[in-house]
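Please open the model in your viewer and keep the sequence panel beside it. The stops below suggest what to select next and say what is there.

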Amino acid sequence: MFISSIVVCAIVGFLVCWGVIPLILQFARRAGASRDKCFHQTNAQTVPRFGGIAIGAGFVAVLLTAIYANEATVPRDLLSVVLGSLAMF
């Protein structure tokens, strides 16, 4: 993988995460899926619980970009690792 492919994947991952976060925040506020202030939190407002979805979306976007940039087929063992990672997510 060339350095340009790595830079493109990093930019795509950043943009996807940056674009998905406001949507998740809006959805969580509307759905009321926020964590109330607990004894160990110092936040003044409630904290949405769906923040990791943006990271998962960025991961999938980087994976698809890397596959497209290299124009290669995905080996079966790599696919199983990626699907297992998403299942744990």
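Begin with the whole chain in cartoon view, where the protein shows three helices and two strands, and where the elements run α-β-β-α-α from the N terminus on. Helices (H or I, at least four residues) and strands (E, at least two) are DSSP runs, numbered from the N terminus. This is a predicted model, in which local features need pLDDT of at least 70 and side-chain atom pairs count only at pLDDT 80 or more, while totals for chains, interfaces and linings use all residues. Residues are numbered from 1 along each chain as its sequence is written, and side-chain values use heavy atoms, with hydrogens and water left out.

Next, colour the chain by pLDDT, which is the predictor's confidence in each residue, from 0 to 100. The mean pLDDT of the protein is 80, and 80% of its residues reach 70 or more. Among the elements, helix 1 has the highest mean pLDDT, at 87, whereas strand 1 (residues 34-35) has the lowest, at 64.

Now select helix 1, residues 3-31. Its 29 residues reach 41 Å from the first C-alpha to the last, which is close to the 42 Å expected at 1.5 Å a residue; the expected span is 1.5 Å times one less than the number of residues. Just after helix 1, click on G32, which takes a positive phi of about 75 degrees.

Which residues of helix 1 are buried? Select S5, C9, G13, I24 and A28, taking buried to mean under 20% relative accessible area, exposed over 50%, and partly exposed in between (1.4 Å probe, protein chains only). Over the whole protein, 17% of the 89 residues count as buried.

For the surface, show the side chains of I3, I6, V7, I11, F14, L15 and W18, which form a nonpolar patch with about 760 Å² of accessible area together. Patches are made of residues with over 30% relative accessible area and no salt bridge, where like charges are joined within 9 Å and nonpolar side chains (Val, Leu, Ile, Met, Phe, Trp, Tyr) within 5 Å. A salt bridge is a side-chain nitrogen of Lys or Arg within 4 Å of a carboxyl oxygen of Asp or Glu, and accessible areas come from the Shrake-Rupley method with a 1.4 Å probe, with only the protein chains shown counting as cover for residues. Within this patch, I11 is partly exposed, with a relative accessible area of 45%.

Stay with the patch and zoom in on its rings. Rings of Phe, Tyr and Trp (its six-membered ring) pair if their centres lie within 6.5 Å, and planes under 30 degrees apart count as stacked, over 60 as edge-to-face and the rest as tilted. By this rule the count comes to one aromatic pair. The pair is F14 and W18, which are stacked at 6.3 Å centre to centre with 5 degrees between the planes. Being four residues apart in helix 1, F14 and W18 are separated by about one helical turn. An α-helix has 3.6 residues a turn, so residues three or four places apart point the same way. F14 is exposed at 53% relative accessible area, and W18 is likewise exposed at 60%.

Finally, add helix 2 (residues 52-70) to the selection, where A57 is found. The C-alpha atoms of A57 and C17 are separated by 6.8 Å, although the two residues are 40 apart along the chain, and A57 is partly exposed at 26%. I55, also found in helix 2, lies 6.1 Å from C17, C-alpha to C-alpha, and 38 residues from it in sequence; I55 is exposed, with a relative accessible area of 60%.

Then move along helix 1 to G19, which is partly exposed at 36% relative accessibility. G19 and A54 are 8.4 Å apart, C-alpha to C-alpha, and 35 residues apart in sequence. End at I21, found in helix 1 and partly exposed at 41%, whose C-alpha is 8.4 Å from that of I53, with their positions 32 residues apart in sequence given as the separation.
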